[in-house]
2 protein chains.
Amino acid sequence: MRLSLNKAVMGNCIINDNKTAIFNAFLKTKWLKLTWELEKILQKIMEMDEHFLPEDLIQYFEQAGNERISRATVYRTLKLLEEASIINSFHINDDFKKYERIKAHHDHMICNECGKIIEFYDERLERIQKEICDEYGFKADSHIMNITGKCIDCRNKR
Amino acid sequence: MRLSLNKAVMGNCIINDNKTAIFNAFLKTKWLKLTWELEKILQKIMEMDEHFLPEDLIQYFEQAGNERISRATVYRTLKLLEEASIINSFHINDDFKKYERIKAHHDHMICNECGKIIEFYDERLERIQKEICDEYGFKADSHIMNITGKCIDCRNKR
DNA sequence: AGCCTTATTGAGACTGAGTCTCAATATAAA
DNA sequence: TTTATATTGAGACTCAGTCTCAATAAGGCT
């Protein structure tokens, strides 16, 4: 079932872009090995919609016809990918932990009527946030801003 | 074990401040009843440190010597209190759902070395956030901003 | 104060996301 | 190719949070 990951396979693997380098570097620093499973999971994440649940991946890799990867490995890999800053996680409505792959930094508006997630980015927020941290002598390495409320579509619906 | 909640008991109950009115009004709108358990939980929350876990309350109410309130009731009541905007919840480090009682609105800096939570409030953030929402036609009813990183004490430690 | 309807409670079973274990296997480096 | 070490999968396990349901309490009404 498991395939060996030789040079030929690596040659046309999906993560053969600039993320590979970043990720390999990260793996090296952690003395980790690049496995076939890790590659497949990364590939799938790249294909998926931006926000996904661990369970989405698990189901995919359990479906007949697809390569099988265990739930344990999916969770383990997600942690690695997050540490390597290739994906991000956040909570919505206190329910599930969702992931998204990192593109540019952005924050979220979450409609608690239809569940839609709107991404936005505002330079001013970033700047002010930095100023606040400086004031407190706090060295930020990331932040999350989630605004919950009602989106324009749901507001117009009545 | 359970006590009846008559006028006399109500007379010197702890929630006999302005929060009582708010909360009673809320209970009315939901056709809920003010119970002895609910009161005790609210009282304990007022005494507790600002940030607490459901488990903190559960343990307290399981300890010999204290009034006993079941874990189910604790969880149920926390949900009610959150709906009534008396407490707030948020996630830290993707682990647990923490609660805090609402004082003034504020955001968080979370040190991922010592776990300390620093609260801050900045008017500019609030204003800009409002502007962004307006742009998107989004009607916000709350937001969470958590900045993670290293606090000044931990930075000085080396 | 007592009655009556309806909401709330507690005990404990249950759920399900996430973790852990460990033998088998794959990787990387020499 | 060999060797040392990291990773995998299956499934048991954990534990925060939910659910069920019979017993009980709250609150409105008289």
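A residue is taken as near a DNA strand if one of its heavy atoms lies within 4 Å of it. With that cut-off in hand, the contacts in this predicted model can be read strand by strand.

Around DNA strand D there are 28 residues, and those that come nearest are Leu32(A), Lys33(A), Ser70(A), Thr73(A) and Tyr75(B). Both protein chains are thus represented in that short list, chain B by Tyr75(B). Of the strand D atoms within 4 Å of the protein, 75% belong to sugar or phosphate, and the rest to bases. One base contact involves Lys33(A): an N or O atom of the Lys33(A) side chain is 2.7 Å from a base oxygen of DNA strand D. The backbone of the strand is met from chain B, where the side chain of Tyr75(B) places an N or O atom 2.8 Å from a phosphate oxygen, and that of Lys79(B) does likewise at 3.1 Å. Two or more residues of the surface near strand D come from each of helix 5 of chain A and helix 4 (54–60), helix 5 and strand 3 (96–101) of chain B. Helix 5 of chain B gives the largest share, five residues. By residue class, this surface divides into 11 nonpolar, four polar and 13 charged residues.

Now for the other strand. DNA strand C also has 28 residues around it, with Lys33(A), Tyr75(A), Leu32(B), Lys33(B) and Thr73(B) coming nearest. Sugar or phosphate accounts for 73% of the strand C atoms within 4 Å of the protein, and bases for the rest. A phosphate oxygen of strand C is 3.0 Å from an N or O atom in the side chain of Lys79(A), while a polar backbone atom of Arg68(B) is 3.4 Å from a phosphate oxygen. The bases are reached too: a polar side-chain atom of Arg76(B) lies 3.1 Å from a base nitrogen of strand C. On the protein side, at least two residues each are supplied by helix 4 (54–60), helix 5 (71–83) and strand 3 (96–101) of chain A, and by helix 5 (71–83) of chain B. Here the largest share, five residues, comes from helix 5 of chain A. The surface near strand C holds 11 nonpolar, four polar and 13 charged residues.

The relation between the two chains comes next. Chain B is superposed on chain A by a rotation of 180° with 0.0 Å of shift along its axis, at an RMSD of 0.1 Å. The two copies are therefore related as by a two-fold rotation axis. The same surface serves both copies, with 100% of the contact residues of chain B recurring in chain A. Among the residues of chain B, Met145(B) comes closest to the rotation axis, its C-alpha lying at 2.1 Å.

Within a single chain, the fold can be followed in chain A, which has seven helices and six strands. From the N terminus on, its elements run α-α-α-β-α-α-β-β-β-β-α-β-α. Of its 158 residues, 41% count as buried. Among contacts in chain A between residues at least 6 apart in sequence, 52% join residues at least 24 apart.

Helix 3 of chain B (residues 36–47) offers a simple check of geometry: at 1.5 Å a residue its 12 residues should span 16 Å, and its end C-alpha atoms are 17 Å apart, which agrees. Buried residues of this helix are Trp36(B), Glu37(B), Leu38(B), Glu39(B), Ile41(B), Leu42(B), Lys44(B) and Ile45(B).

Notes. Residues are numbered from 1 along each chain as its sequence is written. Chains are lettered from A and ligands numbered from 1 in the order in which they are written. This is a predicted model: local features need pLDDT of at least 70, side-chain atom pairs count only at pLDDT 80 or more; totals for chains, interfaces and linings use all residues. Side-chain values use heavy atoms; hydrogens and water are left out. A polar contact is a pair of N or O atoms within 3.5 Å; within protein, one must be able to donate a hydrogen and the other to accept it, and residues adjacent in sequence count only if both atoms are side-chain atoms. Helices (H or I, at least four residues) and strands (E, at least two) are DSSP runs, numbered from the N terminus. Ala, Val, Leu, Ile, Met, Phe, Trp, Tyr, Cys and Pro count as nonpolar, Asp, Glu, Lys and Arg as charged, and the others, Gly among them, as polar. The expected span of a helix is 1.5 Å times one less than its number of residues. Buried means under 20% relative accessible area, exposed over 50%, partly exposed in between (1.4 Å probe, protein chains only). Copies are superposed by least squares on the C-alpha atoms of residues with pLDDT of at least 70 in both. Contact means heavy atoms within 4.5 Å.
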